[in-house]
Amino acid sequence: MNKSKRVIMLEFNELCPPLMDKFIAEGHLPHFKQLRDASECFITDAGEEVKNLEPWIQWITVHTGLSYKEHGIFNLGDGRELASDSIWDILSKKQMKSWVCGSMNVNYDAKKLRGIVLPDPWSKDVEPSDDAFKPYFNFVRANVQEHTNETFKLGLKEKLSFLMFMATHGLSYQTVKAIIQQLLNERKDSNEGWKRATILDRLQWDVFKHTYKKEKPDFSTFFLNSAAHFQHKYWRHMEPEKFVMKPDSSELSIYGNAVLYAYQSLDHVVKEALAMRDDETAIVMCTALSQQPYTKADAEGGKLFYRPHDFNQLLSELQLPGVVKVSPVMSEEYHLVCESEAAAEMLEAELAEFTVAGESLFLIRREGSDVFSGCCIHHDLDRGTDIERGDQKAAGFYDIFYQADSIKSGMHHPDGLFWISTPKAHHKVHKEKLPLTSVMSKVLNVLPVETAR
(Lines give C-alpha, C1' and ligand atoms only; values in the text may rest on other atoms or scores of the structure.)
Protein backbone atom coordinates (compact mmCIF):
# COMPACT_ATOMS: atom_id res chain seq x y z
CA MET A 1 0.00 0.00 0.00
CA ASN A 2 1.26 3.52 -0.83
CA LYS A 3 2.52 5.50 2.16
CA SER A 4 1.52 9.06 3.03
CA LYS A 5 2.85 11.51 5.58
CA ARG A 6 -0.63 12.42 6.77
CA VAL A 7 -4.09 10.84 7.00
CA ILE A 8 -7.47 12.58 7.17
CA MET A 9 -10.04 10.02 8.31
CA LEU A 10 -13.65 10.96 7.52
CA GLU A 11 -15.86 9.08 10.00
CA PHE A 12 -19.38 9.25 8.57
CA ASN A 13 -21.41 7.15 10.96
CA GLU A 14 -23.59 4.36 9.49
CA LEU A 15 -23.64 5.35 5.83
CA CYS A 16 -25.07 2.44 3.86
CA PRO A 17 -23.29 0.73 0.94
CA PRO A 18 -26.51 0.19 -1.10
CA LEU A 19 -27.64 3.80 -0.60
CA MET A 20 -24.20 5.12 -1.48
CA ASP A 21 -24.20 3.11 -4.72
CA LYS A 22 -27.73 4.25 -5.55
CA PHE A 23 -27.17 7.95 -4.85
CA ILE A 24 -23.86 7.99 -6.76
CA ALA A 25 -25.44 6.20 -9.75
CA GLU A 26 -28.23 8.80 -9.78
CA GLY A 27 -25.65 11.61 -9.88
CA HIS A 28 -26.45 13.05 -6.44
CA LEU A 29 -22.97 12.62 -4.88
CA PRO A 30 -20.28 13.79 -7.31
CA HIS A 31 -17.56 14.21 -4.68
CA PHE A 32 -18.18 10.86 -3.01
CA LYS A 33 -17.85 9.44 -6.54
CA GLN A 34 -14.57 11.30 -7.05
CA LEU A 35 -13.21 9.94 -3.76
CA ARG A 36 -14.45 6.40 -4.43
CA ASP A 37 -12.97 6.33 -7.92
CA ALA A 38 -9.54 7.17 -6.48
CA SER A 39 -9.72 4.67 -3.60
CA GLU A 40 -9.24 1.09 -2.58
CA CYS A 41 -12.79 0.20 -1.56
CA PHE A 42 -13.88 -2.36 1.02
CA ILE A 43 -17.14 -3.45 2.60
CA THR A 44 -16.39 -4.01 6.27
CA ASP A 45 -18.04 -6.60 8.50
CA ALA A 46 -18.62 -5.65 12.13
CA GLY A 47 -18.59 -9.35 13.03
CA GLU A 48 -20.94 -8.93 16.00
CA GLU A 49 -24.31 -10.27 17.13
CA VAL A 50 -27.28 -7.97 16.57
CA LYS A 51 -27.38 -6.98 20.25
CA ASN A 52 -23.78 -5.77 19.96
CA LEU A 53 -24.30 -3.75 16.78
CA GLU A 54 -24.00 -0.22 18.18
CA PRO A 55 -21.79 2.55 16.78
CA TRP A 56 -20.27 3.30 20.19
CA ILE A 57 -19.03 -0.32 20.20
CA GLN A 58 -17.96 -0.45 16.55
CA TRP A 59 -16.04 2.84 16.56
CA ILE A 60 -13.90 1.57 19.43
CA THR A 61 -13.19 -1.46 17.24
CA VAL A 62 -12.17 0.86 14.38
CA HIS A 63 -9.83 2.86 16.62
CA THR A 64 -8.27 -0.09 18.49
CA GLY A 65 -8.49 -3.08 16.15
CA LEU A 66 -10.24 -5.01 18.92
CA SER A 67 -13.59 -6.80 18.82
CA TYR A 68 -16.25 -6.04 21.44
CA LYS A 69 -15.26 -9.23 23.29
CA GLU A 70 -11.70 -7.89 23.51
CA HIS A 71 -12.33 -4.23 24.37
CA GLY A 72 -15.45 -4.79 26.50
CA ILE A 73 -17.00 -1.31 26.14
CA PHE A 74 -20.77 -1.69 25.73
CA ASN A 75 -22.37 1.67 26.60
CA LEU A 76 -22.11 5.04 24.92
CA GLY A 77 -20.20 7.27 27.32
CA ASP A 78 -18.07 4.47 28.76
CA GLY A 79 -15.13 4.96 26.40
CA ARG A 80 -13.16 6.45 29.30
CA GLU A 81 -12.87 2.90 30.69
CA LEU A 82 -11.03 1.60 27.61
CA ALA A 83 -7.79 -0.04 28.73
CA SER A 84 -6.26 -0.49 25.26
CA ASP A 85 -4.46 1.95 22.98
CA SER A 86 -6.35 3.72 20.21
CA ILE A 87 -4.69 4.97 17.02
CA TRP A 88 -3.85 8.36 18.56
CA ASP A 89 -2.23 6.66 21.59
CA ILE A 90 -0.02 4.56 19.31
CA LEU A 91 0.96 7.60 17.26
CA SER A 92 1.64 9.71 20.37
CA LYS A 93 4.19 7.12 21.48
CA LYS A 94 5.90 7.58 18.12
CA GLN A 95 5.94 11.38 18.57
CA MET A 96 3.27 11.88 15.90
CA LYS A 97 0.50 14.42 16.34
CA SER A 98 -3.26 13.66 16.12
CA TRP A 99 -6.35 15.86 15.81
CA VAL A 100 -9.39 13.82 16.89
CA CYS A 101 -12.55 15.78 16.05
CA GLY A 102 -15.77 14.35 17.44
CA SER A 103 -14.89 10.65 17.26
CA MET A 104 -17.31 8.46 19.19
CA ASN A 105 -16.73 7.02 22.67
CA VAL A 106 -13.07 8.03 22.82
CA ASN A 107 -10.49 7.78 25.57
CA TYR A 108 -7.03 9.37 25.76
CA ASP A 109 -4.17 9.82 28.21
CA ALA A 110 -3.86 13.57 28.75
CA LYS A 111 -0.28 13.23 30.00
CA LYS A 112 0.91 11.33 26.93
CA LEU A 113 -1.29 12.71 24.14
CA ARG A 114 0.41 14.56 21.31
CA GLY A 115 -2.32 16.62 19.69
CA ILE A 116 -5.92 17.56 20.45
CA VAL A 117 -9.02 15.47 21.24
CA LEU A 118 -12.53 16.91 20.93
CA PRO A 119 -14.85 14.15 22.21
CA ASP A 120 -18.28 13.30 20.83
CA PRO A 121 -21.28 15.24 22.24
CA TRP A 122 -22.52 12.18 24.18
CA SER A 123 -19.36 11.92 26.29
CA LYS A 124 -19.92 11.51 30.00
CA ASP A 125 -16.57 12.09 31.69
CA VAL A 126 -14.24 12.70 28.74
CA GLU A 127 -13.60 16.41 28.19
CA PRO A 128 -11.70 18.18 25.40
CA SER A 129 -7.96 17.87 25.82
CA ASP A 130 -7.65 21.65 25.33
CA ASP A 131 -9.86 23.82 27.58
CA ALA A 132 -10.19 26.35 24.76
CA PHE A 133 -12.63 23.94 23.06
CA LYS A 134 -15.02 23.71 26.03
CA PRO A 135 -17.40 26.54 24.99
CA TYR A 136 -17.90 24.80 21.65
CA PHE A 137 -18.09 21.31 23.17
CA ASN A 138 -20.64 22.34 25.83
CA PHE A 139 -22.85 24.15 23.29
CA VAL A 140 -22.90 21.26 20.81
CA ARG A 141 -23.36 18.64 23.53
CA ALA A 142 -26.37 20.47 24.96
CA ASN A 143 -28.01 20.89 21.56
CA VAL A 144 -27.41 17.29 20.48
CA GLN A 145 -28.51 15.68 23.75
CA GLU A 146 -31.68 17.76 24.04
CA HIS A 147 -32.63 18.17 20.39
CA THR A 148 -36.01 16.48 20.93
CA ASN A 149 -36.91 18.59 23.99
CA GLU A 150 -38.84 21.65 22.84
CA THR A 151 -38.64 23.25 26.31
CA PHE A 152 -34.84 23.16 26.45
CA LYS A 153 -33.07 26.53 26.22
CA LEU A 154 -29.40 27.46 26.58
CA GLY A 155 -28.45 30.52 28.58
CA LEU A 156 -27.14 33.73 27.07
CA LYS A 157 -23.69 33.19 28.61
CA GLU A 158 -23.29 29.79 26.91
CA LYS A 159 -24.46 31.19 23.57
CA LEU A 160 -22.05 34.13 23.70
CA SER A 161 -19.13 31.87 24.67
CA PHE A 162 -19.92 29.63 21.71
CA LEU A 163 -20.11 32.57 19.30
CA MET A 164 -16.79 33.97 20.55
CA PHE A 165 -15.19 30.55 20.07
CA MET A 166 -16.49 30.19 16.52
CA ALA A 167 -15.40 33.71 15.60
CA THR A 168 -11.80 32.76 16.43
CA HIS A 169 -11.87 29.12 15.24
CA GLY A 170 -12.72 29.16 11.58
CA LEU A 171 -16.34 30.24 11.22
CA SER A 172 -16.72 30.57 7.47
CA TYR A 173 -18.79 32.88 5.31
CA GLN A 174 -20.47 29.82 3.76
CA THR A 175 -21.60 28.59 7.18
CA VAL A 176 -22.92 32.00 8.23
CA LYS A 177 -24.82 32.17 4.96
CA ALA A 178 -26.26 28.66 5.53
CA ILE A 179 -27.36 29.59 9.07
CA ILE A 180 -29.12 32.75 7.89
CA GLN A 181 -30.81 30.84 5.06
CA GLN A 182 -31.92 28.09 7.46
CA LEU A 183 -33.47 30.62 9.86
CA LEU A 184 -35.23 32.41 7.00
CA ASN A 185 -36.57 29.10 5.70
CA GLU A 186 -37.89 28.21 9.16
CA ARG A 187 -39.69 31.55 9.42
CA LYS A 188 -41.41 30.83 6.11
CA ASP A 189 -42.09 27.17 6.90
CA SER A 190 -41.87 25.63 10.39
CA ASN A 191 -41.40 22.19 8.79
CA GLU A 192 -37.85 23.16 7.75
CA GLY A 193 -36.46 22.76 11.28
CA TRP A 194 -35.31 19.16 10.77
CA LYS A 195 -32.45 20.39 8.56
CA ARG A 196 -30.69 22.09 11.50
CA ALA A 197 -28.60 18.99 12.17
CA THR A 198 -26.61 19.69 9.03
CA ILE A 199 -25.85 23.22 10.26
CA LEU A 200 -24.04 21.67 13.23
CA ASP A 201 -22.10 19.59 10.69
CA ARG A 202 -20.95 22.77 8.95
CA LEU A 203 -19.85 24.31 12.24
CA GLN A 204 -17.91 21.17 13.13
CA TRP A 205 -16.20 21.18 9.75
CA ASP A 206 -15.17 24.83 10.17
CA VAL A 207 -13.59 23.97 13.53
CA PHE A 208 -11.90 20.88 12.09
CA LYS A 209 -10.45 22.73 9.10
CA HIS A 210 -9.21 25.68 11.18
CA THR A 211 -7.51 23.41 13.71
CA TYR A 212 -6.08 21.14 11.00
CA LYS A 213 -4.40 24.06 9.25
CA LYS A 214 -3.08 25.42 12.54
CA GLU A 215 -1.82 22.16 14.08
CA LYS A 216 -0.74 20.29 10.91
CA PRO A 217 -1.41 16.85 12.46
CA ASP A 218 -0.03 13.59 11.12
CA PHE A 219 -3.39 11.89 11.72
CA SER A 220 -6.84 13.41 12.05
CA THR A 221 -10.41 12.20 12.36
CA PHE A 222 -13.62 14.02 11.54
CA PHE A 223 -16.83 12.38 12.84
CA LEU A 224 -20.43 13.20 11.87
CA ASN A 225 -23.66 11.47 12.89
CA SER A 226 -26.34 13.39 10.98
CA ALA A 227 -26.93 10.78 8.24
CA ALA A 228 -27.27 8.01 10.83
CA HIS A 229 -29.80 10.14 12.72
CA PHE A 230 -31.82 10.84 9.56
CA GLN A 231 -31.80 7.16 8.53
CA HIS A 232 -33.10 6.05 11.93
CA LYS A 233 -35.81 8.68 11.75
CA TYR A 234 -36.77 9.02 8.07
CA TRP A 235 -36.05 5.73 6.29
CA ARG A 236 -39.79 5.01 6.09
CA HIS A 237 -40.22 8.32 4.27
CA MET A 238 -37.49 7.38 1.77
CA GLU A 239 -38.90 3.89 1.06
CA PRO A 240 -42.51 3.82 2.36
CA GLU A 241 -43.27 0.70 0.33
CA LYS A 242 -41.14 -1.35 2.77
CA PHE A 243 -43.19 -0.39 5.84
CA VAL A 244 -46.63 -1.32 7.17
CA MET A 245 -46.91 2.10 8.82
CA LYS A 246 -46.64 4.42 5.84
CA PRO A 247 -46.24 8.20 6.20
CA ASP A 248 -49.08 10.31 4.85
CA SER A 249 -48.62 12.46 1.76
CA SER A 250 -47.83 15.62 3.75
CA GLU A 251 -45.02 13.87 5.65
CA LEU A 252 -43.64 12.42 2.43
CA SER A 253 -43.49 15.86 0.86
CA ILE A 254 -41.49 17.18 3.84
CA TYR A 255 -39.20 14.25 4.68
CA GLY A 256 -39.15 12.11 1.53
CA ASN A 257 -35.65 13.31 0.59
CA ALA A 258 -34.30 13.75 4.14
CA VAL A 259 -31.82 10.86 3.93
CA LEU A 260 -30.58 12.00 0.52
CA TYR A 261 -30.26 15.55 1.90
CA ALA A 262 -27.98 14.21 4.66
CA TYR A 263 -25.76 12.37 2.17
CA GLN A 264 -25.56 15.46 -0.03
CA SER A 265 -24.52 17.53 2.99
CA LEU A 266 -21.68 15.07 3.60
CA ASP A 267 -20.80 15.22 -0.09
CA HIS A 268 -19.97 18.90 0.47
CA VAL A 269 -17.58 17.89 3.27
CA VAL A 270 -15.90 15.40 0.93
CA LYS A 271 -15.50 18.16 -1.65
CA GLU A 272 -13.69 20.36 0.86
CA ALA A 273 -11.56 17.48 2.18
CA LEU A 274 -10.41 16.70 -1.35
CA ALA A 275 -9.51 20.36 -1.83
CA MET A 276 -7.42 20.29 1.38
CA ARG A 277 -5.29 17.30 0.44
CA ASP A 278 -1.81 17.55 -1.01
CA ASP A 279 0.59 15.03 -2.54
CA GLU A 280 1.54 13.69 0.90
CA THR A 281 -1.96 13.30 2.38
CA ALA A 282 -4.28 10.29 2.25
CA ILE A 283 -8.03 10.49 2.77
CA VAL A 284 -9.76 7.57 4.44
CA MET A 285 -13.54 7.24 4.68
CA CYS A 286 -15.08 4.83 7.20
CA THR A 287 -18.65 4.23 8.42
CA ALA A 288 -18.05 1.43 11.02
CA LEU A 289 -21.47 -0.16 10.28
CA SER A 290 -24.65 0.80 8.39
CA GLN A 291 -28.43 0.56 8.57
CA GLN A 292 -31.39 -1.21 7.04
CA PRO A 293 -35.17 -0.65 7.29
CA TYR A 294 -36.65 -1.36 10.73
CA THR A 295 -40.14 -2.83 10.25
CA LYS A 296 -40.38 -5.22 13.19
CA ALA A 297 -42.60 -3.05 15.41
CA ASP A 298 -44.88 -1.59 12.75
CA ALA A 299 -47.68 -4.06 13.43
CA GLU A 300 -47.76 -2.85 17.06
CA GLY A 301 -47.76 0.85 16.18
CA GLY A 302 -44.02 1.34 15.78
CA LYS A 303 -41.16 1.72 18.25
CA LEU A 304 -41.46 4.98 20.19
CA PHE A 305 -39.04 6.74 22.54
CA TYR A 306 -39.75 8.64 25.76
CA ARG A 307 -37.35 11.05 27.51
CA PRO A 308 -37.65 13.01 30.77
CA HIS A 309 -38.78 16.64 30.48
CA ASP A 310 -36.21 17.53 33.12
CA PHE A 311 -33.76 15.21 34.87
CA ASN A 312 -33.94 17.08 38.19
CA GLN A 313 -37.72 16.63 38.11
CA LEU A 314 -37.27 12.92 37.38
CA LEU A 315 -35.06 12.51 40.46
CA SER A 316 -37.25 14.60 42.78
CA GLU A 317 -40.69 13.38 41.69
CA LEU A 318 -39.68 9.73 41.87
CA GLN A 319 -37.61 10.34 45.02
CA LEU A 320 -34.35 8.92 43.71
CA PRO A 321 -31.53 9.95 46.08
CA GLY A 322 -27.78 9.57 45.77
CA VAL A 323 -27.43 10.77 42.16
CA VAL A 324 -24.72 13.41 41.73
CA LYS A 325 -24.77 13.71 37.95
CA VAL A 326 -27.01 12.84 35.01
CA SER A 327 -25.41 12.42 31.57
CA PRO A 328 -27.89 12.00 28.70
CA VAL A 329 -26.84 9.94 25.69
CA MET A 330 -28.81 8.91 22.58
CA SER A 331 -32.56 8.36 22.28
CA GLU A 332 -34.08 7.49 25.66
CA GLU A 333 -30.88 6.56 27.52
CA TYR A 334 -28.78 8.32 30.16
CA HIS A 335 -26.20 7.69 32.88
CA LEU A 336 -27.14 8.22 36.52
CA VAL A 337 -23.83 8.72 38.31
CA CYS A 338 -24.14 8.11 42.05
CA GLU A 339 -22.10 9.32 45.03
CA SER A 340 -20.91 5.79 45.80
CA GLU A 341 -21.25 2.19 44.66
CA ALA A 342 -23.54 1.53 47.62
CA ALA A 343 -25.80 4.39 46.51
CA ALA A 344 -25.84 2.95 42.97
CA GLU A 345 -26.86 -0.46 44.31
CA MET A 346 -29.73 1.17 46.20
CA LEU A 347 -30.76 3.16 43.13
CA GLU A 348 -30.70 0.01 41.00
CA ALA A 349 -33.10 -1.68 43.42
CA GLU A 350 -35.39 1.35 43.58
CA LEU A 351 -35.60 1.80 39.81
CA ALA A 352 -36.70 -1.83 39.50
CA GLU A 353 -39.79 -1.06 41.60
CA PHE A 354 -41.33 1.35 39.05
CA THR A 355 -43.85 0.03 36.52
CA VAL A 356 -46.27 1.37 33.93
CA ALA A 357 -49.39 -0.73 33.32
CA GLY A 358 -47.58 -3.77 34.69
CA GLU A 359 -44.42 -3.24 32.59
CA SER A 360 -41.04 -2.27 33.96
CA LEU A 361 -40.44 1.43 33.44
CA PHE A 362 -36.64 1.57 33.44
CA LEU A 363 -33.79 -0.04 31.61
CA ILE A 364 -31.18 -0.72 34.31
CA ARG A 365 -27.50 -1.65 33.95
CA ARG A 366 -25.18 -0.89 36.86
CA GLU A 367 -21.40 -0.71 36.74
CA GLY A 368 -19.82 0.45 39.96
CA SER A 369 -21.32 3.82 40.90
CA ASP A 370 -22.85 4.35 37.45
CA VAL A 371 -26.39 3.22 36.57
CA PHE A 372 -27.09 3.25 32.83
CA SER A 373 -30.83 3.74 32.46
CA GLY A 374 -33.71 5.01 30.33
CA CYS A 375 -37.38 4.46 29.69
CA CYS A 376 -37.88 0.96 28.29
CA ILE A 377 -41.51 1.57 27.26
CA HIS A 378 -41.56 1.80 23.46
CA HIS A 379 -45.26 1.77 22.56
CA ASP A 380 -48.03 4.36 22.68
CA LEU A 381 -49.51 5.19 26.09
CA ASP A 382 -52.78 6.93 26.96
CA ARG A 383 -52.46 10.46 28.32
CA GLY A 384 -53.81 9.42 31.74
CA THR A 385 -51.26 6.64 32.29
CA ASP A 386 -49.59 6.57 35.71
CA ILE A 387 -46.19 5.48 36.93
CA GLU A 388 -46.60 3.08 39.83
CA ARG A 389 -44.24 2.04 42.60
CA GLY A 390 -45.51 -1.19 44.04
CA ASP A 391 -49.26 -0.66 44.33
CA GLN A 392 -48.99 3.14 44.76
CA LYS A 393 -49.14 5.90 42.15
CA ALA A 394 -45.77 7.64 41.93
CA ALA A 395 -46.52 10.21 39.21
CA GLY A 396 -48.33 10.76 35.94
CA PHE A 397 -46.24 9.25 33.14
CA TYR A 398 -46.51 12.30 30.86
CA ASP A 399 -45.79 14.62 33.78
CA ILE A 400 -42.28 13.11 33.84
CA PHE A 401 -41.72 11.96 30.24
CA TYR A 402 -42.46 13.24 26.77
CA GLN A 403 -42.61 11.27 23.53
CA ALA A 404 -39.77 12.06 21.11
CA ASP A 405 -41.07 13.11 17.71
CA SER A 406 -40.22 10.04 15.70
CA ILE A 407 -40.92 6.35 15.18
CA LYS A 408 -37.85 4.21 14.61
CA SER A 409 -37.36 3.54 10.90
CA GLY A 410 -33.77 2.29 10.56
CA MET A 411 -31.86 -0.44 12.40
CA HIS A 412 -28.18 -1.33 12.43
CA HIS A 413 -26.53 -3.61 9.87
CA PRO A 414 -23.00 -5.11 10.17
CA ASP A 415 -21.78 -3.96 6.74
CA GLY A 416 -19.86 -0.70 6.48
CA LEU A 417 -17.89 1.33 3.95
CA PHE A 418 -14.11 1.72 4.08
CA TRP A 419 -12.25 3.63 1.38
CA ILE A 420 -8.53 4.46 1.30
CA SER A 421 -7.36 7.13 -1.13
CA THR A 422 -3.63 7.79 -1.17
CA PRO A 423 -2.23 10.32 -3.65
CA LYS A 424 -0.89 7.53 -5.90
CA ALA A 425 -3.72 5.04 -5.35
CA HIS A 426 -5.70 3.44 -8.15
CA HIS A 427 -9.34 2.49 -7.86
CA LYS A 428 -9.83 -1.07 -6.71
CA VAL A 429 -12.92 -2.78 -5.33
CA HIS A 430 -12.19 -5.68 -2.98
CA LYS A 431 -14.79 -8.43 -3.27
CA GLU A 432 -14.13 -10.08 0.09
CA LYS A 433 -15.44 -8.31 3.15
CA LEU A 434 -12.88 -6.76 5.49
CA PRO A 435 -13.24 -7.55 9.21
CA LEU A 436 -13.76 -4.29 11.07
CA THR A 437 -10.93 -5.33 13.38
CA SER A 438 -8.54 -4.90 10.43
CA VAL A 439 -9.34 -1.23 9.78
CA MET A 440 -6.91 0.22 12.33
CA SER A 441 -3.92 -1.68 10.97
CA LYS A 442 -4.77 -0.60 7.39
CA VAL A 443 -4.92 3.03 8.49
CA LEU A 444 -1.59 2.75 10.31
CA ASN A 445 -0.08 1.07 7.27
CA VAL A 446 -0.71 4.23 5.26
CA LEU A 447 1.43 6.26 7.68
CA PRO A 448 5.24 6.07 7.88
CA VAL A 449 5.24 4.11 11.14
CA GLU A 450 5.88 0.56 12.25
CA THR A 451 2.52 -1.03 13.10
CA ALA A 452 3.77 -3.25 15.92
CA ARG A 453 2.46 -2.05 19.26
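**Note on the predicted model**

1. In this predicted model, buried residues make up 54% of the 453 residues in the protein. The secondary structure consists of 16 helices and 21 strands.

2. On overall dimensions, a compact globule with 453 residues would have a radius of gyration near 22 Å, and the protein agrees with this, having 22 Å. The C-alpha trace spans about 70 × 50 × 45 Å along the principal axes of the protein.

3. On contacts, take those in the protein with a separation of 6 or more: residues 24 or more positions apart account for 71% of them.

4. On the surface, the accessible area of the protein is about 20,200 Å². Carbon and sulfur atoms contribute 49% of that area. As for charge, there are 65 negative and 53 positive side chains, and 8 Å separates the centres of the two sets.

5. Helix α12 covers residues 258-276, which is 19 residues. From its first C-alpha to its last, α12 reaches 28 Å, close to the 27 Å expected at 1.5 Å a residue. The helix is mostly covered, with 14 of its 19 residues buried.

6. G302 sits in a loop, with β7 (290-293) before it and β8 (306-308) after it. Is this glycine buried or exposed? G302 has a relative accessible area of 5% and counts as buried because the cut-off for that class is under 20%. Not counting residues up to four places away in sequence, G302 touches M245, A297, H378 and I407. D21 is 281 residues from G302 in sequence, and the two C-alpha atoms are 29 Å apart in space.

7. G77 is also a loop residue, placed between α4 (68-71) and α5 (87-93). The relative accessible area of G77 is 6%, so this residue is buried under the 20% cut-off. Which residues does G77 contact, leaving aside its neighbours within four places in sequence? They are N105, W122, K124 and H335. Between G77 and F311 there are 17 Å in space, C-alpha to C-alpha, and the pair is 234 residues apart in sequence.

8. To draw the local points together: G302 is buried in the loop between β7 and β8, and G77 is buried in the loop between α4 and α5. The contacts of G302 include H378 and I407, while those of G77 include W122 and H335.

Definitions and conventions: Residues numbered from 1 in each chain as written. Predicted model: local features only at pLDDT ≥ 70, side-chain atom pairs only at ≥ 80, totals over all residues. Heavy atoms only, no water. Helix = DSSP H or I, 4+ residues; strand = E, 2+ residues; numbered from the N terminus. Rg over C-alpha atoms; globule rule 2.2 N^0.38 Å. Buried < 20%, exposed > 50% of the residue type's maximum accessible area, 1.4 Å probe, protein only. Contact = heavy atoms within 4.5 Å. Areas by Shrake-Rupley, 256 points an atom, 1.4 Å probe, with all protein chains shown as cover. Lys, Arg positive; Asp, Glu negative; His and termini not counted. Charge placed at Lys NZ, Arg CZ, Asp CG, Glu CD. Expected span 1.5 Å × (residues − 1).
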